[in-house]
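Work through the exercises below with the sequence and the 3D structure at hand. Each task is followed by a stepwise solution.

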Amino acid sequence: MSIVTVQLGQCGNQIGHEVFNALCSDIHGTHGLCSKKENESYHDSCKERFFCEEESGVPVARAVLVDMEPKVISQTLSMAARSGHWKYNHQSHFCQKQGSGNNWANGYSVHGPRHKEAIMNLVQKEAEKCDRLGGFFTIMSMAGGTGSGLGAFVTQCLRDAFPTSFILNHVIWPYGTGEVIVQNYNSVLTLSHLYQSADALLVHENDVIHKICAQLMNIKQISFRDVNQVIAHQLGSVFQPTHTAGGGSDYSRNPLGDLMETLVPHPEFKMLGLRNIPQMPENSLAYSTFSWPGLIKHLRQMLIANAKMEEGIDWQVRPPHPGSSIPSSHSKPLHFNTSIANLVILRGKDVHSVDLGSFRDPSLYTSWLNPQDAFNAWKTPRAFNKYEKSAALVSNSQFLLKPLDNIVGKAWNMFASKAYIHQYTKFGIQEEDFLDSFTTLEQVISSYTIL
Amino acid sequence: AVSLPFAVGQCGNQVGCRFWDLALREHAAVNKKGIYDEALSSFFRNIDTRSGGDGPDIYKGKICSLKARALLIDMEEGVVNELLQGPLRDVFDIKQLITDVSGSGNNWAVGHKLYGCQYRENIVEKLRKTAEHCDCLQCFFIIHSMGGGTGSGLGTFVLNLLEEEFPEVYRFVTSVYPSGEDDVITSPYNSVLAMKELNEHADCVLPIENESLFDIVNKIHQMINSGKLGSTVKQNSLVTSSSGSAKTLQEKPFDAMNNVVANLLLNLTSSARFEGSLNMDLNEISMNLVPFPRLHYLVSSLTPLYTLADVNVPCRRLDQMFSDAFSRDHQLIQADPKHSLYLACALLVRGNVQVSDLRRNIERLKPSLHFVSWNQEGWKTGLCSVPPVGHSHSLLALANNTCVKPTFIELKDRFMKLYKKKAHLHHYLQVDGMEQSCFSEAICSLSDLIEEYNELDATKGGPRIDPSRLKIAV
């Protein structure tokens with residue numbers, strides 16, 4: 001099945017480009033470390049999922065590029081074409097001239113309706129090119145105006161036009177200290193709206209990725225390109241082909257569907273976090289060896305202690321004792337990250353021998369899911385992006401609770417003073433709309449808090 | 001997206017002249033292949049002049065003949081005529097000019113009421129024609145001074161007109177405020193009358209004070225003449241310099257100061273014209289820096305003022321640039337933002353600067369700055385890959401800060417000194433359409449604005465009480 005990617009705004013387009021780069025460079029890599037047959041199968045599956053063939057033989061990304069100003073798309077199209085390994089369909093983009101001015105209301109209420117037809121036509125064209133449509137993957141930031149506002153509108157349109165398709169929103173959370181002054185307003189409006197239309201939200205936080213770049217990748221002068229490349233690597237480690245548990249020897253044909261099924265049992269809980277291990281500069285890879293037990297142990301503790309990366313993990317945090325007679329909300333130790341469901345994806349050497357029992361420990365999870373259903377694992381012996389062994393964790397847990405609470409808190413603080421509200425009402429978003437959004441998110445926060 | 005400048009009055013046109021010159025220089029440095037591109041199209045049209053006269057617009061391909069998108073308005077002919085005889089004469093078209101002969105006599109009422117009325121239709125017609133040639137009109141820039149008659153009076157009349165004719169297009173105004181020793185006695189009247197218009201009709205105002213420009217020019221002269229830097233300064237990097245542009249022949253006394261303002265406008269629009277990893281468009285500036293409609297006065301600073309010729313710029317030089325942006329002597333008005341209250345702050349960086357450099361410096365400088373309680377992290381940032389001519393990187397800081405208050409208070413005081421004695425009032429009241437109430441309304445508008453800043457200042461340093469959050473029934 002194929003996935004259609006919709007790249008929205010500057011962030012969405014910059015990241016989308018790095019994602020396709022990462023996918024392509026992975027399948028062309030010579031470090032598959034597996035049989036030729038396996039490699040070919042992986043190659044074909046990836047191609048089917050993300051690219052379509054053209055007469056020229058250069059794979060064309062299954063993507064629609066949308067932005068309200070022309071510079072980023074123009075750059076993105078030409079950079080991809082220059083790579084020689086893949087490209088975008090140059091008809092598959094929609095662009096305007098004046099941008100959204102970081103104004104969610106402008107993106108949602110003005111640009112959205114105005115350009116709905118043109119954008120959905122492009123999406124329809126891409127969907128029709130797929131033999132079987134596996135769903136939509138949208139990439140956007142929630143801080144600006146286009147990715148956030150127009151992105152929320154487009155997601156709604158996707159839901160209306162494709163009611164049975166899976167929609168995964170990849171949302172970038174901005175640096176806590178300003179990229180955009182009204183970022184918290186834009187974030188609150190975006191998240192509350194996406195919650196209605198998307199199946200799940202897969203989140204990356206700029207602050208977290210920045211730390212990974214600084215501490216794990218040893219990059220001195222970190223650029224957005226560096227940040228985007230780490231994000232692309234993490235996404236690739238989730239979306240490149242894998243075998244699911246009951247899938248036999250074929251690669252899974254329904255990645256988005258499988259993801260939703262394993263991780264989103266209840267529509268109130270849609271926030272997914274992502275962790276990846278190991279993460280290091282490319283030139284260090286040759287000198288490093290990893291053991292699966294070591295990687296799994298670290299990944300599990302990262303989950304429990306809500307660590308953002310494999311350094312600085314708090315090993316003191318432990319899950320609550322099982323079989324305790326005290327009601328769960330009292331016996332949970334501080335800082336312990338409760339999960340609803342987890343998915344671990346293993347790639348590389350000896351994956352079939354890995355013991356994942358520690359992830360099946362019921363004490364990691366809420367009581368209302370059967371422990372067997374709460375945890376799933378996908379595997380492939382085919383190594384990813386030059387890492388001999390790598391593991392990714394996609395988690396529906398309290399990972400994002402604190403960051404979400406922070407954003408809502410700051411937005412509420414600003415809303416109480418009514419600052420900047422006139423900029424939104426000018427384009428049709430009223431105070432009541434803000435209040436609705438706040439209410440929705442307070443509900444989500446409350447739900448995740450009492451896990 | 002197009003930004004359309006209007007230069008009104010003597011000051012406005014002198015600055016405008018420097019602006020077009022430096023814009024051409026900037027684009028020539030970046031655009032080596034002579035292809036007419038999106039970046040150029042924000043300020044210039046490309047005309048096919050082979051058939052002689054005014055040919056059609058060429059939207060793609062080689063540069064044929066560049067024409068500035070602008071309207072030049074002056075009620076005297078001196079400045080505009082000089083422009084038309086100088087090296088920039090081919091960049092302008094007689095159809096973009098609106099001139100008269102006798103000037104406004106340093107009288108706001110003459111500029112606004114008399115000439116406004118007289119030239120209204122002419123201005124609207126030329127405005128519409130110019131707008132027709134624009135693919136997507138995003139922003140108007142008015143460049144003028146506040147203290148005289150034309151720039152101040154007719155300039156603010158044009159501001160009103162723009163709001164009526166094109167209400168969705170943003171209106172940015174670069175206003176040069178008179179200093180205390182200004183030789184135009186009635187400059188306080190003109191400025192306060194103009195302020196009311198700016199309060200009500202501008203989206204964003206960038207106030208500039210001649211004193212600050214003068215100090216910057218002097219500072220640079222001292223640096224160069226002290227022999228410390230000598231010939232190691234890159235001539236074309238000086239924020240005051242015309243070097244490398246068309247007009248290097250006859251540098252006039254105000255040229256250096258006007259170049260600073262021209263550079264301000266170039267930097268302000270750089271991220272809209274050139275690519276970068278985090279674009280900042282003009283509508284984003286208005287969105288992020290104006291929390292309440294009337295509080296739209298932005299204090300600007302440009303760094304560095306020059307670049308030394310040696311190419312390697314170590315990290316701490318970069319950090320010095322950020323520190324300088326917040327120092328009193330880099331601001332373009334007499335103000336000290338560090339000791340007042342920030343409502344919002346924007347940093348637009350150009351050149352080889354990455355997000356980690358931005359973050360490091362924001363973290364470093366944040367503790368010494370005071371932000372209003374509801375905007376503790378009030379930073380808007382932009383990264384544009386293309387540096388200005390002669391520099392490897394540069395920074396434009398825009399602050400919505402209560403430090404503008406003293407400028408307004410002084411203006412009010414100077415106004416009241418004259419108004420109490422009714423000095424020179426008759427020159428204004430004898431103009432058709434002008435009444436005493438215009439004065440009282442104007443001073444009222446200014447007083448209200450000052451009071452809004454006072455209220456904000458009163459919150460500075462006070463206890464921070466976060467409002468309680470919505471409670472959800474579980």
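**Exercise 1.** How many disulfides does the structure hold over all chains?

Solution. The model is predicted: local features need pLDDT of at least 70, side-chain atom pairs count only at pLDDT 80 or more, and totals for chains, interfaces and linings use all residues. Residues are numbered from 1 along each chain as its sequence is written, chains are lettered from A and ligands numbered from 1 in the order in which they are written, and side-chain values use heavy atoms, with hydrogens and water left out.

Step 1. Take the criterion: a disulfide is a pair of cysteine sulfur atoms within 2.5 Å.

Step 2. Apply it: over all chains, the structure holds zero disulfides.

Step 3. Check two cysteines. From the sulfur of B:Cys134, the closest cysteine sulfur is that of B:Cys136 at 9.1 Å, too far for a bond. For B:Cys139, the closest cysteine sulfur belongs to B:Cys204 and lies 8.6 Å away, again too far for a bond.

Step 4. Add accessibility, where buried means under 20% relative accessible area, exposed over 50%, and partly exposed in between (1.4 Å probe, protein chains only). B:Cys134 is buried at 10%, and B:Cys139 is buried at 0%.

**Exercise 2.** Describe how H4(B) and H5(B) pack.

Solution. Step 1. Identify the elements: helices (H or I, at least four residues) and strands (E, at least two) are DSSP runs, numbered from the N terminus. In chain B, H4 covers residues 108–132 and H5 covers residues 150–165.

Step 2. Two packed helices are described by the angle between their axes and the distance between the axes. Axes are lines fitted to C-alpha atoms, for helices over the stretch in contact, and angles run from 0 to 180 degrees between N-to-C directions. Here the angle is about 45° and the axes are 8 Å apart.

Step 3. Classify the angle: under 35 degrees is roughly parallel, over 145 roughly antiparallel, 65 to 115 roughly perpendicular, and the rest oblique. H4(B) is therefore oblique to H5(B).

Step 4. List residues in contact (heavy atoms within 4.5 Å). Among them are B:Trp108, B:Tyr115 and B:Leu127 of H4(B), and B:Leu154, B:Phe157 and B:Leu161 of H5(B).

Step 5. Sort them by class, with Ala, Val, Leu, Ile, Met, Phe, Trp, Tyr, Cys and Pro nonpolar, Asp, Glu, Lys and Arg charged, and the others, Gly among them, polar. The contact of H4(B) with H5(B) has 11 nonpolar, seven polar and four charged residues.

**Exercise 3.** Treat H5(A) and H6(A) in the same manner.

Solution. Step 1. The axes of H5 (residues 146–161) and H6 (residues 183–197) of chain A come within 9 Å and cross at roughly 5°.

Step 2. H5(A) is therefore roughly parallel to H6(A).

Step 3. The contact includes A:Ala152 and A:Arg159 of H5(A) and A:His193 and A:Leu194 of H6(A). By class, its residues are two nonpolar, seven polar and one charged.

**Exercise 4.** Is A:Ile231 buried or exposed?

Solution. Step 1. Locate A:Ile231 in helix H8 (residues 224–239) of chain A.

Step 2. Its relative accessibility is 0%, so A:Ile231 is buried.

Step 3. Leaving out residues up to four places away in sequence, A:Ile231 touches A:Ile15, A:His170, A:Ile172, A:His204 and A:Ile209.

**Exercise 5.** Which peptide bond from A:Ile277 is cis?

Solution. Step 1. The bond leads to A:Pro278, with omega near -5°.

Step 2. A:Pro278 lies in the loop between strand E9 (271–277) and helix H10 (292–304) of chain A.
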